[in-house]
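Please look through the following briefing with the sequence and the structure side by side. The points are grouped by topic, so that each residue can be found in the model as it comes up.

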Amino acid sequence: MKALLIRTACVLLGVVAIAGPSLASDGYLRYPDIHGDTVVFTAEADLWTASASGGAARRLTIHAGTETFPKFSPDGKWIAFTGQYDGHADVYVVAAGGGEPRRLTWHPAGDQVVGWTPDGKSVIFRSGRNEAHGNFELFTVPAGGGDARE
């Protein structure tokens, strides 16, 4: 796990050096996740991907809202993320190659993506939706849509 974090940090430093000119302005690269040779991360409040071996970064989302906490599905075909488009943080998925994000949760409490179930059928997220004092609990929501379960 530590080696993966070090590798991811090195890749992000390489992305900054190589893809810096493709970024509109200096920004913080945050919340990286890696699948195979591809890294997904947040910069300028959007999702970007880049090769773990270097090269130009490619923007996946171009929404006025903020996208954070991206996580690859176990098969690498999807990216779940937390999107804040209308004042609330909700769970979304987008194809790893880009496309239109699909919203999975609609609760007024903030939902933050944590990962995927091992079978890739559901997204795991944390939320304080059932707790009056802001304590977080884990939930799953089917990647194809449906009700969240504690």
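**Briefing on the predicted model**

A45 is found in the loop between strand β2 (38–43) and strand β3 (46–51). The model that contains this loop is a predicted one, and the mean pLDDT of the protein is 86, with 82% of its residues reaching 70 or more.

**Confidence along the chain**

- Confidence is lowest in helix α1 (residues 2–19), where the mean is 46, and highest in strand β9 (residues 111–116), where the mean is 98.
- Over residues 8–25 the pLDDT is below 50, and this stretch has 29 contacts in the model beyond near neighbours in sequence.

**Two residues with a positive phi**

- Most residues other than glycine have a negative phi.
- A45 is not a glycine, and yet its phi is positive, at about 70°.
- With a relative accessible area of 27%, A45 is partly exposed, because this value falls between the 20% under which a residue is buried and the 50% over which a residue is exposed.
- F69 also is not a glycine and has a positive phi, of about 55°, but the place of F69 is in strand β5 (residues 66–72).
- The relative accessible area of F69 is 22%, and therefore F69 counts as partly exposed.

**Aromatic pairs**

- How many aromatic pairs does the structure hold? There are four of them, and two are described here, beginning with Y31 and F69.
- The ring centres of Y31 and F69 are 4.3 Å apart and the ring planes stand at 45°, so this pair is tilted.
- Y31 lies in strand β1 (residues 30–35) and F69 in strand β5, which makes this a link between distant parts of the chain, 38 residues apart.
- Y31 is partly exposed, because its relative accessible area is 24%.
- The pair formed by F81 and Y92 is stacked, with 5.6 Å from centre to centre and 15° between the planes.
- Because F81 lies in strand β6 (residues 78–84) and Y92 in strand β7, this pair ties together parts that are eleven residues apart in sequence.
- Both F81 and Y92 are buried, and together with Y85 they form one aromatic cluster.

**The surroundings of D90**

- D90 is found in strand β7, which covers residues 89–95.
- Is D90 buried or exposed? D90 counts as buried, because its relative accessibility is 0%.
- When its neighbours within four places in sequence are left aside, D90 is in contact with F81, T82, G83, R103, T105, W106, H107 and D111.
- With T105, one of these residues, D90 shares a polar contact of 3.0 Å that joins the two side chains.
- D90 and G110 are 20 residues apart in sequence, while in space the distance between them is 6.3 Å from C-alpha to C-alpha.

**Arginines over aromatic rings**

- R102 lies over the face of W78, and its distance from the ring centre is 5.6 Å.
- R129 lies over the face of F139, and here the distance from the ring centre is 5.3 Å.

Definitions and conventions: Residues are numbered from 1 along each chain as its sequence is written. This is a predicted model: local features need pLDDT of at least 70, side-chain atom pairs count only at pLDDT 80 or more; totals for chains, interfaces and linings use all residues. Side-chain values use heavy atoms; hydrogens and water are left out. Helices (H or I, at least four residues) and strands (E, at least two) are DSSP runs, numbered from the N terminus. Buried means under 20% relative accessible area, exposed over 50%, partly exposed in between (1.4 Å probe, protein chains only). Contact means heavy atoms within 4.5 Å. A polar contact is a pair of N or O atoms within 3.5 Å; within protein, one must be able to donate a hydrogen and the other to accept it, and residues adjacent in sequence count only if both atoms are side-chain atoms. pLDDT is the predictor's confidence in each residue, from 0 to 100. Rings of Phe, Tyr and Trp (its six-membered ring) pair if their centres lie within 6.5 Å; planes under 30 degrees apart count as stacked, over 60 as edge-to-face and the rest as tilted. A charge sits over a ring if NZ of Lys or CZ of Arg is within 6 Å of the ring centre and within 35 degrees of the ring normal.
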